[in-house]
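Welcome to a short tour, made to be followed with your viewer open. Have your selection tool ready, and we will go from stop to stop together.

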Amino acid sequence: MKWKGRRQSSNVEDKRGGSGSSRGIGGFNPMLLGPLIKLLFSKTGLIIVAVLLVFSFITGNNPISFLGNIFLGGNSQPASTESYQGTAEENIQAEFSATILASTEDVWNTILDNYQEPTLVLFSGYVTSACGSASSATGPFYCPGDQKLYLDLSFFEDMERQMNAPGDFAQAYVIAHEVGHNVQKLMGTMDKVNRLKGQLSETEFNKVSVRLELQADFLAGVWANRSQRMTQMM
Ligand SMILES: [Zn+2]
(Lines give C-alpha, C1' and ligand atoms only; values in the text may rest on other atoms or scores of the structure.)
Protein backbone atom coordinates (compact mmCIF):
# COMPACT_ATOMS: atom_id res chain seq x y z
CA MET A 1 0.00 0.00 0.00
CA LYS A 2 1.15 3.53 -0.75
CA TRP A 3 0.39 4.92 2.69
CA LYS A 4 3.58 6.81 3.64
CA GLY A 5 3.38 10.60 3.81
CA ARG A 6 -0.40 10.66 4.09
CA ARG A 7 -2.37 12.26 6.91
CA GLN A 8 -2.20 10.49 10.25
CA SER A 9 -5.19 10.59 12.57
CA SER A 10 -4.86 12.48 15.83
CA ASN A 11 -7.46 10.17 17.39
CA VAL A 12 -4.76 7.82 18.65
CA GLU A 13 -3.95 7.06 22.28
CA ASP A 14 -0.58 5.42 22.64
CA LYS A 15 -0.68 3.24 25.73
CA ARG A 16 2.15 0.97 24.68
CA GLY A 17 4.65 0.24 27.40
CA GLY A 18 1.99 -0.13 30.05
CA SER A 19 0.80 3.42 30.77
CA GLY A 20 -2.71 2.06 30.27
CA SER A 21 -2.23 -0.93 32.50
CA SER A 22 -3.77 -1.47 35.90
CA ARG A 23 -0.66 -0.43 37.79
CA GLY A 24 -2.48 2.60 39.11
CA ILE A 25 -1.35 6.16 39.48
CA GLY A 26 2.12 6.54 40.92
CA GLY A 27 2.15 2.99 42.25
CA PHE A 28 -0.82 3.61 44.54
CA ASN A 29 -2.17 0.37 45.94
CA PRO A 30 -5.96 0.27 45.32
CA MET A 31 -6.33 -2.10 48.32
CA LEU A 32 -5.63 0.90 50.54
CA LEU A 33 -8.47 2.97 49.09
CA GLY A 34 -11.29 1.43 51.16
CA PRO A 35 -9.61 1.79 54.58
CA LEU A 36 -8.33 5.24 53.56
CA ILE A 37 -11.83 6.51 52.73
CA LYS A 38 -13.22 5.01 55.97
CA LEU A 39 -10.45 6.72 57.91
CA LEU A 40 -11.11 10.07 56.23
CA PHE A 41 -14.77 10.01 57.27
CA SER A 42 -14.17 8.92 60.85
CA LYS A 43 -13.64 11.35 63.74
CA THR A 44 -9.94 10.52 63.88
CA GLY A 45 -9.78 11.11 60.12
CA LEU A 46 -11.22 14.59 60.43
CA ILE A 47 -8.69 15.42 63.13
CA ILE A 48 -5.86 14.07 60.92
CA VAL A 49 -7.09 16.15 57.98
CA ALA A 50 -7.31 19.26 60.18
CA VAL A 51 -3.79 18.65 61.51
CA LEU A 52 -2.50 18.09 57.97
CA LEU A 53 -4.08 21.30 56.74
CA VAL A 54 -2.52 23.28 59.57
CA PHE A 55 0.79 21.47 58.95
CA SER A 56 0.72 22.27 55.23
CA PHE A 57 -0.28 25.86 55.94
CA ILE A 58 2.71 26.33 58.23
CA THR A 59 5.32 24.37 56.23
CA GLY A 60 4.02 24.95 52.70
CA ASN A 61 4.05 21.20 52.03
CA ASN A 62 1.36 19.64 49.87
CA PRO A 63 -0.81 17.57 52.28
CA ILE A 64 -1.63 15.04 49.53
CA SER A 65 1.99 14.23 48.82
CA PHE A 66 2.58 14.11 52.57
CA LEU A 67 -0.23 11.55 52.90
CA GLY A 68 1.24 9.71 49.93
CA ASN A 69 4.55 9.52 51.77
CA ILE A 70 2.84 7.97 54.77
CA PHE A 71 0.85 5.40 52.82
CA LEU A 72 3.40 4.51 50.18
CA GLY A 73 6.43 4.38 52.43
CA GLY A 74 8.00 7.56 51.11
CA ASN A 75 7.55 6.65 47.49
CA SER A 76 5.09 9.16 46.10
CA GLN A 77 6.98 9.93 42.92
CA PRO A 78 4.62 10.54 40.02
CA ALA A 79 4.32 7.88 37.34
CA SER A 80 6.85 8.14 34.57
CA THR A 81 5.62 10.41 31.83
CA GLU A 82 8.29 9.27 29.37
CA SER A 83 6.72 8.20 26.12
CA TYR A 84 7.07 4.62 24.99
CA GLN A 85 10.13 3.91 22.85
CA GLY A 86 9.13 1.16 20.46
CA THR A 87 11.37 -0.60 17.96
CA ALA A 88 11.71 1.08 14.57
CA GLU A 89 9.40 -1.54 13.07
CA GLU A 90 6.76 -1.02 15.78
CA ASN A 91 6.83 2.72 15.28
CA ILE A 92 6.33 2.34 11.54
CA GLN A 93 3.32 0.10 12.31
CA ALA A 94 1.98 2.76 14.68
CA GLU A 95 2.30 5.40 11.94
CA PHE A 96 0.68 3.00 9.49
CA SER A 97 -2.26 2.44 11.87
CA ALA A 98 -2.76 6.18 12.40
CA THR A 99 -2.70 6.68 8.60
CA ILE A 100 -5.28 3.94 7.98
CA LEU A 101 -7.47 5.35 10.75
CA ALA A 102 -7.28 8.78 9.09
CA SER A 103 -8.31 7.18 5.81
CA THR A 104 -11.36 5.56 7.46
CA GLU A 105 -12.28 9.00 8.90
CA ASP A 106 -12.07 10.57 5.43
CA VAL A 107 -14.27 7.84 3.95
CA TRP A 108 -16.93 7.64 6.69
CA ASN A 109 -17.16 11.43 7.00
CA THR A 110 -18.19 11.57 3.35
CA ILE A 111 -20.72 8.73 3.70
CA LEU A 112 -22.35 9.53 7.04
CA ASP A 113 -23.64 12.82 8.41
CA ASN A 114 -22.32 13.53 11.91
CA TYR A 115 -19.88 10.63 11.82
CA GLN A 116 -18.27 10.24 15.25
CA GLU A 117 -14.63 9.31 14.74
CA PRO A 118 -13.49 6.52 17.07
CA THR A 119 -10.22 6.61 18.99
CA LEU A 120 -7.55 4.02 18.34
CA VAL A 121 -5.82 2.83 21.50
CA LEU A 122 -2.44 1.20 20.92
CA PHE A 123 -1.42 -1.02 23.79
CA SER A 124 1.08 -3.71 24.59
CA GLY A 125 0.26 -6.76 26.63
CA TYR A 126 -2.71 -5.61 28.67
CA VAL A 127 -5.29 -2.82 28.55
CA THR A 128 -8.35 -1.61 30.44
CA SER A 129 -11.37 -0.41 28.45
CA ALA A 130 -14.97 0.50 29.26
CA CYS A 131 -15.69 -3.12 28.25
CA GLY A 132 -13.33 -4.51 30.88
CA SER A 133 -9.71 -5.62 30.80
CA ALA A 134 -8.20 -7.42 27.88
CA SER A 135 -4.87 -8.96 27.02
CA SER A 136 -3.18 -9.10 23.63
CA ALA A 137 -4.49 -12.65 23.29
CA THR A 138 -7.99 -11.21 22.80
CA GLY A 139 -6.87 -9.72 19.50
CA PRO A 140 -7.97 -6.32 18.24
CA PHE A 141 -11.41 -5.29 19.46
CA TYR A 142 -13.93 -2.45 19.45
CA CYS A 143 -15.57 -1.33 22.69
CA PRO A 144 -18.99 0.30 22.13
CA GLY A 145 -18.91 1.63 25.71
CA ASP A 146 -16.12 4.12 24.97
CA GLN A 147 -16.21 3.99 21.16
CA LYS A 148 -12.55 3.08 20.98
CA LEU A 149 -10.69 0.44 19.03
CA TYR A 150 -7.96 -1.43 20.84
CA LEU A 151 -4.94 -2.81 19.03
CA ASP A 152 -1.73 -4.45 20.16
CA LEU A 153 0.64 -4.05 17.22
CA SER A 154 2.11 -7.50 17.93
CA PHE A 155 -1.12 -8.82 16.37
CA PHE A 156 0.24 -7.79 12.98
CA GLU A 157 3.26 -10.02 13.54
CA ASP A 158 0.97 -12.89 14.56
CA MET A 159 -0.97 -12.38 11.35
CA GLU A 160 2.19 -12.74 9.32
CA ARG A 161 3.62 -15.70 11.18
CA GLN A 162 0.66 -17.73 12.40
CA MET A 163 -2.31 -16.80 10.26
CA ASN A 164 -0.48 -16.66 6.96
CA ALA A 165 -1.97 -13.23 6.28
CA PRO A 166 1.06 -11.09 5.45
CA GLY A 167 1.00 -7.65 3.91
CA ASP A 168 -0.17 -4.24 4.92
CA PHE A 169 -3.57 -4.50 3.26
CA ALA A 170 -4.54 -7.35 5.61
CA GLN A 171 -3.44 -5.15 8.53
CA ALA A 172 -5.40 -2.17 7.23
CA TYR A 173 -8.44 -4.41 6.86
CA VAL A 174 -8.23 -5.35 10.54
CA ILE A 175 -8.43 -1.67 11.49
CA ALA A 176 -11.20 -1.00 8.96
CA HIS A 177 -13.19 -3.96 10.37
CA GLU A 178 -13.03 -2.51 13.90
CA VAL A 179 -14.00 0.90 12.50
CA GLY A 180 -16.91 -0.97 10.87
CA HIS A 181 -18.07 -1.89 14.38
CA ASN A 182 -17.99 1.82 15.22
CA VAL A 183 -20.26 2.48 12.24
CA GLN A 184 -22.58 -0.29 13.52
CA LYS A 185 -22.61 1.40 16.91
CA LEU A 186 -23.54 4.74 15.33
CA MET A 187 -26.26 3.14 13.19
CA GLY A 188 -27.76 1.45 16.25
CA THR A 189 -27.12 -2.06 14.91
CA MET A 190 -24.76 -2.97 17.70
CA ASP A 191 -27.18 -1.93 20.46
CA LYS A 192 -29.97 -3.80 18.68
CA VAL A 193 -27.89 -6.98 18.69
CA ASN A 194 -26.92 -6.50 22.34
CA ARG A 195 -30.60 -6.18 23.28
CA LEU A 196 -31.24 -9.57 21.68
CA LYS A 197 -28.74 -11.19 24.03
CA GLY A 198 -31.27 -11.97 26.75
CA GLN A 199 -34.09 -12.78 24.34
CA LEU A 200 -32.52 -15.37 22.05
CA SER A 201 -31.11 -18.80 22.76
CA GLU A 202 -27.33 -19.02 22.75
CA THR A 203 -27.33 -20.68 19.32
CA GLU A 204 -29.61 -18.05 17.83
CA PHE A 205 -27.61 -15.23 19.40
CA ASN A 206 -24.37 -16.68 18.01
CA LYS A 207 -25.90 -16.59 14.54
CA VAL A 208 -26.75 -12.91 14.97
CA SER A 209 -23.22 -12.21 16.27
CA VAL A 210 -21.73 -13.85 13.20
CA ARG A 211 -23.90 -11.63 11.01
CA LEU A 212 -22.69 -8.59 12.94
CA GLU A 213 -19.09 -9.65 12.19
CA LEU A 214 -19.89 -10.23 8.53
CA GLN A 215 -21.44 -6.77 8.28
CA ALA A 216 -18.29 -5.25 9.85
CA ASP A 217 -16.29 -7.03 7.14
CA PHE A 218 -18.66 -5.62 4.55
CA LEU A 219 -18.18 -2.11 5.99
CA ALA A 220 -14.40 -2.63 5.84
CA GLY A 221 -14.92 -3.45 2.17
CA VAL A 222 -16.86 -0.21 1.72
CA TRP A 223 -13.87 1.63 3.19
CA ALA A 224 -11.42 -0.17 0.87
CA ASN A 225 -13.53 0.64 -2.19
CA ARG A 226 -14.10 4.32 -1.37
CA SER A 227 -10.58 4.89 -0.15
CA GLN A 228 -9.15 3.44 -3.34
CA ARG A 229 -11.38 5.71 -5.41
CA MET A 230 -10.45 8.75 -3.32
CA THR A 231 -6.70 8.22 -2.94
CA GLN A 232 -5.50 5.22 -5.01
CA MET A 233 -3.73 4.03 -1.87
CA MET A 234 -3.92 0.29 -2.59
ZN1 LIG B 1 -15.35 -7.88 14.69
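Start by selecting Cys 143, which has a relative accessibility of 0% and so counts as buried, the cut-off being under 20%. Keep in mind throughout that this is a predicted model.

**Stop one: the disulfide**

Which residue is bonded to Cys 143 through a disulfide? Add Cys 131 to your selection: the two form a disulfide, with their sulfur atoms 2.0 Å apart. The structure holds one disulfide, so you can stop searching for others once you have this pair. Now set up a torsion about the S-S bond of Cys 131 and Cys 143; it comes to about 95 degrees, so the disulfide is right-handed. The pair links distant parts of the chain, twelve residues apart. Colour by secondary structure and you will find Cys 131 in the loop between strand S3 (126-129) and strand S4 (132-135), while Cys 143 belongs to strand S5 (residues 141-143). Switch on a surface next. Is Cys 131 buried or partly exposed? With a relative accessible area of 45%, Cys 131 is partly exposed, whereas Cys 143 is buried.

**Stop two: the zinc ion**

Now select the zinc ion and show the side chains around it. Which residues are its protein donors? They are His 177 and His 181, each through NE2, and Glu 213 through OE, lying 2.0 to 2.1 Å from the ion. If you like to search by pattern, the donor spacing in sequence reads H-x3-H-x31-E. Show helix H6 (residues 168-187) as a ribbon: both His 177 and His 181 lie in this helix, four residues apart, about one turn. Both histidines count as buried, His 177 at 11% relative accessibility and His 181 at 5%.

**Stop three: strand S2 and its neighbours**

Move on to strand S2 (residues 119-123). This strand is mostly covered, with five of its five residues buried. Turn on the side chains to see which way they go: Thr 119, Val 121 and Phe 123 point one way from S2, and Leu 120 and Leu 122 point the other way.

Then add strand S1 (residues 12-15), which pairs with S2 in the parallel sense over four bridges. To see one partnership, pick Lys 15 and look across to Phe 123, its bridge partner in S2. Finish with strand S6 (residues 148-152), which runs parallel to S2 and is joined to it by five bridges. For a last pick, select Leu 120 and find Leu 149 in S6 standing opposite.

Note on methods: Residues are numbered from 1 along each chain as its sequence is written. This is a predicted model: local features need pLDDT of at least 70, side-chain atom pairs count only at pLDDT 80 or more; totals for chains, interfaces and linings use all residues. Side-chain values use heavy atoms; hydrogens and water are left out. A disulfide is a pair of cysteine sulfur atoms within 2.5 Å. Helices (H or I, at least four residues) and strands (E, at least two) are DSSP runs, numbered from the N terminus. Buried means under 20% relative accessible area, exposed over 50%, partly exposed in between (1.4 Å probe, protein chains only). Donors are N, O and S atoms within 2.8 Å of the metal (3.2 Å for Na, K and Ca); water is not among the atoms, so sites may look incomplete. Two strands pair if DSSP finds at least two bridges between them.
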